[in-house]
Amino acid sequence: MIDLHYSATPNGQKVAIMLEEIGEPYRVIPYDIFNGDQLASSFGRINPNHKLPAIVDLAPAGGGDPVTVFESGAILQYLAEKGGRFLPASGAARAATLSWLTWQVAGLGPMGGQASHFLRYAPAGQDYAVERYTKELKRLLTVLEKRLDKSAYVAGDEYSIADMAIWPGRASAFVMGMGLDEWPAMHRWFERIRERPAVARAIAREDLKAPEKYIGRHQTLDEKEWSNMFGAANHAAVKGD
Ligand SMILES: N[C@@H](CCC(=O)N[C@@H](CS)C(=O)NCC(=O)O)C(=O)O
């Protein structure tokens, strides 16, 4: 059994998809990040960075104490090793999977996150930042499009944790007005993955669904929500205040 500490954003959704793919029983522990649930000191003992997702594996392979993992890329790799699927054991296929996984968690994810922040949350008048991050996001999507034009899945012929890392963020880019019309190879890949039974199950689960406030185009946060997400309360949590 895995405890999935979860908020319904792309980083959480990628882990939920993986848990569905490997058929691992899991319990969703929901966090409302606008409400500041992630800032609790009890969660800091699971993820010192106070971000979702994180998992606690209550029955690790070989027994022993529960294992805690944070950072979505590390969680996907841990679950691939636990489930024995979606990450080749060695060689070029493993290297390609880890390259594209890292490309997502270190590049596409953070750049998409900044584009989303300046387009959806920041006060008006952030033209430079909006242009900088939307252009970089489109550049990264062009890299992905070229890759998928040559390859059925991002790391090669086989579906892997690299696809799972990328797919939910691609779905949420629609909110920023980035549809799939200008990306034909990505469009085919996107639909192929959406049709997977595990992905369909994750999309259908009520306890994984994103509330409207996570997916609206323009967000107006009240003072407390802003502090929890981007301001003093968010920073105080890591200092232990
Ligand atoms: N690099 C981290 C990013 C995690 C992250 O930024 N999580 C967001 C939700 S997508 C979060 O917890 N936000 C709440 C906060 O920043 O306080 C990962 O891949 O897991």
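Two salt bridges cross the interface of domain 1 and domain 2 in this predicted model. One salt bridge joins the side chains of glutamate 21 and arginine 196, with N to O at 2.8 Å. The rule also finds 4 residue pairs in polar contact across the interface of the two domains, both residues at pLDDT 80 or more.

**The side of domain 1 that touches domain 2**

- Three elements each give two or more residues to this side: helix 1 (10–22), helix 3 (72–83) and helix 10 (223–230).
- Helix 1 gives the most, with 7 residues.
- By type, the residues on this side of domain 1 divide into 9 nonpolar, 4 polar and 4 charged.

**Domain layout and contact**

- The domain assignment splits the chain into domain 1, made of 2–85 + 220–239, and domain 2, made of 91–199.
- Domain 1 is thus written as two segments, and domain 2 as one.
- Between the C-alpha centres of domain 1 and domain 2 the distance is 21 Å.
- In contact across the interface are 17 residues of domain 1 and 20 residues of domain 2.
- About 1,500 Å² is buried between the two domains.
- Carbon and sulfur atoms give 71% of that buried area.
- Lys14, Ile17 and Glu21 supply 34% of the area that domain 1 buries against domain 2.
- No other three residues supply more of the area on the domain 1 side.

**Salt bridges in the whole structure**

- The structure holds 11 salt bridges.
- Side chains of opposite charge can pair when their charged atoms come close.
- In the pair of arginine 196 and glutamate 21, the closest N and O atoms are 2.8 Å apart.
- This pair links distant parts of the chain, its residues being 175 residues apart.
- Arginine 196 sits in the loop between helix 7 (184–194) and helix 8 (197–204).
- Glutamate 21 is in helix 1, and Glu21 is also one of the three residues named above for the buried area of domain 1.

**Overall fold and dimensions**

- The chain has 11 helices and 4 strands.
- Its radius of gyration is 18 Å, which agrees with the value near 18 Å for a compact globule of 241 residues.
- Along the principal axes, the C-alpha atoms fill a box of roughly 50 × 50 × 30 Å.

**Backbone exceptions**

- Most residues other than glycine have a negative phi, and most peptide bonds are trans.
- Leucine 52 and proline 53 are joined by a cis peptide bond, with omega at about 5 degrees.
- Proline 53 lies in the loop between helix 2 (41–44) and strand 3 (54–57).
- Glutamate 71 is not a glycine, yet has a positive phi of about 80 degrees.
- Glutamate 71 is placed in the loop between strand 4 (67–70) and helix 3.
- Helix 3 is also among the elements on the side of domain 1 that touches domain 2.

How values were computed: Residues numbered from 1 in each chain as written. Predicted model: local features only at pLDDT ≥ 70, side-chain atom pairs only at ≥ 80, totals over all residues. Heavy atoms only, no water. Domains from an automatic or database assignment. Contact = heavy atoms within 4.5 Å. Buried area = accessible area lost by both parts, 1.4 Å probe. Salt bridge = Lys/Arg side-chain N within 4 Å of Asp/Glu carboxyl O. Polar contact = N/O pair within 3.5 Å; in protein donor to acceptor, adjacent residues only side chain to side chain. Nonpolar A, V, L, I, M, F, W, Y, C, P; charged D, E, K, R; others polar. Rg over C-alpha atoms; globule rule 2.2 N^0.38 Å.
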